[in-house]
Structures are given as C-alpha cells and as structure tokens.
Amino acid sequence: MSSILTNTSSMVALQTLKGINANLTKTQSEISTGKSVASAKDNAAVWAISKVMESDVKGFKGISESLSLGESTVAVARQASETVVDLLNDMKGKIVAAQSDNVSRATLQDDVDALTDQIKSVVGAAQFNGLNLVDGSSSAFNANGNLGSDILSSLDRNASGGVAISNIGVDAQNLSTTAGTAVTAATNSVATLTENGGANDTTQVALGTNFLDTAGAAAGAAALKASEAGVDTSVSTGLVAGDVLRLKVGNTEGSYTVQAGDDNNAVLSGLKNGLAAAGLDDTKFDLSLGAGTLDVENLTNEAGIAISLTQERGTGALAQLENLSVATETDAETALGNIEGMIQSATTAAAAFGSVQGRIETQANFIDELSDALTAGIGTLVDADMEETSAKLQALQVQQQLGVQSLSIANQAPQSILSLFR
C-alpha cells in the first residue's frame with residue numbers, strides 16, 4: 001500500500017543516514033584527537049583505567065626526580081669517603097716513616113696535622129642540597145632503622161587500588177673526628193698487667209647482659225637498633241648498635257662497632273679481632289674468649305703494661321685523629337695501630353655508599369622503563385588505530401553518499417502517486 005502520509009522507505013533511509021553520520025563524526029573525532037577513547041562517554045571503564053595509569057606515570061616522573069637527587073647526594077658522600085681513604089693512606093705513610101729513629105718527627109707531625117685538617121675539610125664539605133651523610137649530623141632514622149635519610153623509590157598500587165610508597169634507606173656514615181658520649185656497659189678488671197707469671201698478668205674484659213632493651217633500661221641480651229621503640233639511648237650502662245668499644249693493650253688499640261643482634265660473645269669476639277687487626281703482637285699477648293669475658297694474658301717479662309677500655313656512643317669513626325701523634329716512638333707505634341682502624345672504617349663507608357648508589361641507579365633505570373611500559377599500555381587502551389580509522393573513514397564517506405542518494409529516492413516515492421489521479 002502506498003501512502004502520502006507515511007513514507008516508510010524515507011524513514012528507514014533517514015535512520016540509516018543518521019547512523020552513518022554518527023559513525024562518521026566519531027571517526028573524524030578519532031582522527032583529530034588520535035584517541036579512540038577521548039572521554040568517559042566513549043568507554044567509561046577503559047577511560048577510568050587509563051586515567052589511573054596516567055596518574056601513576058606522573059607519579060613515577062616525580063619519583064625519577066627524587067632518585068636523581070638522591071643519587072647525587074650519595075655520590076657526593078661516596079666521593080668524600082674515597083677521598084678520606086686516600087688521605088688516610090697518605091697519613092699512614094707518614095706514620096710508618098715515623099717508626100724510624102733518624103727522622104724529623106716534628107716535620108712528620110706537621111704533615112699529619114695538615115692531612116687531619118684536610119680530612120676535616122673534606123668531611124665538612126661533603127653536602128648536597130644541605131644534606132651531609134658523613135659528618136655525623138644525621139639525627140633521623142631511615143627505612144632501615146638506622147641514622148640516615150630516605151630516598152623515594154617506588155609507587156606501589158595493590159589489586160584493590162590502594163597506593164603505598166617505598167623508600168631506599170641510605171645509612172649515614174659518621175666520618176667526623178668528634179668524640180661520642182661515654183658509656184659504661186663493659187668493664188676491665190685491671191689497669192696494668194704484671195710480668196708473665198704474676199698475679200695480674202691476665203686481665204678480663206667482661207660484659208654482662210648490658211644491652212639496651214625496649215623498656216628503657218639496660219637489661220637486654222642482644223644489641224638493638226637505636227630506632228627500636230622503647231630504647232632509651234640516654235641510658236649509658238647498656239650497649240646499642242653503633243656503639244664503639246676500644247681496648248688498648250700497651251701501645252696497640254683495637255676497636256669494634258656494635259652491630260644489631262650482637263650478644264656478649266659477638267662483641268667480645270669483635271674486640272678481639274679488632275686488636276689483632278691493629279697489630280697486637282701475639283708473641284707478647286694471648287687473647288682468649290671466656291664465659292662472657294675477653295682474657296688478655298701477658299706473655300712477656302715486662303711489668304706495668306697499661307690496659308684500658310673506652311666505650312662511646314655516637315662517636316665519629318675518625319675521632320682518634322684529634323690526638324694522633326708521632327712525636328715519640330711510642331706515639332708513632334700507637335698511631336700505626338689507630339690508622340689501620342680508621343682506614344678500614346672509611347673504606348667500609350665508601351663501600352656502603354657505593355652499594356646504595358648502585359641500587360639507586362638500578363631503581364632509576366627500572367622506573368624509567370616502567371613509565372615507558374605504562375605509557376605504552378595507556379596508548380594501547382585509548383589510542384586510535386590510524387590505519388583502521390583511515391579505511392573506516394573512506395567507507396563511511398561512501399556510505400554517507402549512498403545514504404543521501406537513498407533518502408533522495410525515498411523522498412520521491414510520493415510523487416509517483418500523482419500519476420494515479422491523472
């Protein structure tokens with residue numbers, strides 16, 4: 001049936017043309033924006049996911065900047081530590097020369113003092129953006145629970161959408177010449193040793209359960225970090241990680257820095273190894289570990305050999321430089337033992353900074369690669385396939401032309417009804 005009131009063919013052609021025009025508009029939008037999902041109305045779920053990922057990419061850019069700043073800070077500290085090692089080695093040469101009798105000790109002492117001043121200058125200048133990791137000024141605890149600083153290293157998003165940050169803890173290395181606060185956790189039984197065979201030819205350095213605990217007292221069985229909740233570092237009768245013990249036997253002084261988790265035997269064993277590393281003559285003295293004691297036995301026939309124990313908290317690893325002397329043969333011998341320990345401390349500091357600097361570089365590279373991967377993932381979700389879009393545009397333009405032609409034909413159909421009334 002033909003009707004002049006209802007043109008079904010025209011309505012079908014019109015709706016088809018509207019659909020073609022809508023698709024053509026969307027395709028033209030993809031071409032102009034380069035995105036298949038440019039707004040939430042295009043695909044709400046994909047758009048939301050892409051926005052979260054874009055937010056993370058911006059966050060990672062900030063993390064990359066933080067890592068760059070942190071790497072520079074650690075690089076300065078590492079360079080300073082390595083320079084201190086070189087200067088200490090130069091100083092060792094002066095001290096070794098002072099072991100001879102026919103040398104100008106005054107001149108050598110001037111050289112030692114000059115090198116000491118230079119070391120202080122290097123340590124004091126080793127700051128980046130106001131942060132110095134080697135001068136003992138660090139007072140905040142880092143992610144490792146040690147004195148130092150944190151470097152923002154990652155942005156971690158879990159499956160439920162929660163976000164947490166991760167840090168790389170950089171431990172400060174105190175290479176200052178500042179003496180620490182005296183503590184009294186350990187005791188030695190005598191001040192001098194008698195000759196071999198005498199009543200006091202053996203002394204004992206003893207440690208009880210003198211470690212700081214989490215109750216603010218000194219009743220712990222092992223060394224805790226100063227950052228442990230409840231630890232009171234103002235209590236001087238117990239040890240905590242980082243405390244330094246020095247035992248001097250005759251002219252040889254050995255040292256040990258308490259490590260987290262150390263018990264009595266670990267501390268005493270470390271002190272024994274420190275004396276051996278400082279060059280204690282094992283033909284003159286015998287070191288042995290007892291039940292909670294370090295026993296030092298005099299194997300010589302010399303009486304009155306001095307023995308002393310000092311303990312310090314917060315001391316600089318180079319504190320012995322302040323009183324380092326080669327003025328006499330005895331002083332030079334003592335200085336030789338001390339310089340070995342300081343070289344080892346500075347070397348350990350440089351190695352620690354080098355290790356964390358390598359970790360920061362690795363993390364920085366990972367963050368860059370992760371940002372690139374996220375950016376590529378966002379592109380996969382929302383970017384338009386331009387080859388496909390180009391082909392689609394050509395097809396839609398043809399369809400539009402045909403749709404217009406079809407609508408024109410449908411609109412002419414009522415005209416044929418006039419012929420029925422002629």
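**A cavity and its salt bridges**

User: Which residues line the largest cavity?
Analyst: This is a predicted model in which local features need pLDDT of at least 70 and side-chain atom pairs count only at pLDDT 80 or more, while totals for chains, interfaces and linings use all residues. Residues are numbered from 1 along each chain as its sequence is written, and side-chain values use heavy atoms, with hydrogens and water left out. A cavity is a set of points, on a 1 Å grid over the protein atoms alone, where a 1.4 Å probe fits but cannot get out, and lining residues have an atom within 4 Å of a point. For the largest cavity, the lining consists of Lys35, Val37, Ala38, Trp47, Ser50, Lys51, Glu54 and Val382.

User: What is the volume of the largest cavity?
Analyst: The structure holds one cavity of 30 Å³ or more. Grid points are joined across faces, edges and corners, and a volume is the space filled by probe spheres set on the points. For the largest cavity, the volume is about 40 Å³.

User: Which helix gives the most to the lining of the largest cavity?
Analyst: The lining divides into four nonpolar, one polar and three charged residues, where Ala, Val, Leu, Ile, Met, Phe, Trp, Tyr, Cys and Pro count as nonpolar, Asp, Glu, Lys and Arg as charged, and the others, Gly among them, as polar. Helices (H or I, at least four residues) and strands (E, at least two) are DSSP runs numbered from the N terminus. With four residues, the element that gives the most to this lining is helix 2 (residues 44-97).

User: With which residue does Lys51 form a salt bridge?
Analyst: A salt bridge is a side-chain nitrogen of Lys or Arg within 4 Å of a carboxyl oxygen of Asp or Glu. Lys51 has 35% relative accessibility and therefore counts as partly exposed, a class that lies between buried (under 20% relative accessible area) and exposed (over 50%), with a 1.4 Å probe and protein chains only. Its partner also lies in helix 2, three residues apart, about one turn of the helix. With the closest N and O atoms 3.2 Å apart, that partner is Glu54.

User: How many residues apart in sequence are the parts that Asp56 and Arg157 tie together?
Analyst: Asp56 forms a salt bridge with Arg157, the closest N and O atoms being 2.7 Å apart. Asp56 lies in helix 2 and Arg157 in strand 3 (residues 148-157), so the distance in sequence between the parts tied together is 101 residues.

User: Is Asp243 buried or exposed?
Analyst: The side chains of Asp243 and Arg313 meet in a salt bridge of 2.9 Å, N to O. With a relative accessible area of 1%, Asp243 is buried.

How values were computed. 1 Å grid on protein atoms, 1.4 Å probe; cavity = no way out; pocket = protein on both sides within 12 Å on 5 of 7 lines; lining within 4 Å.
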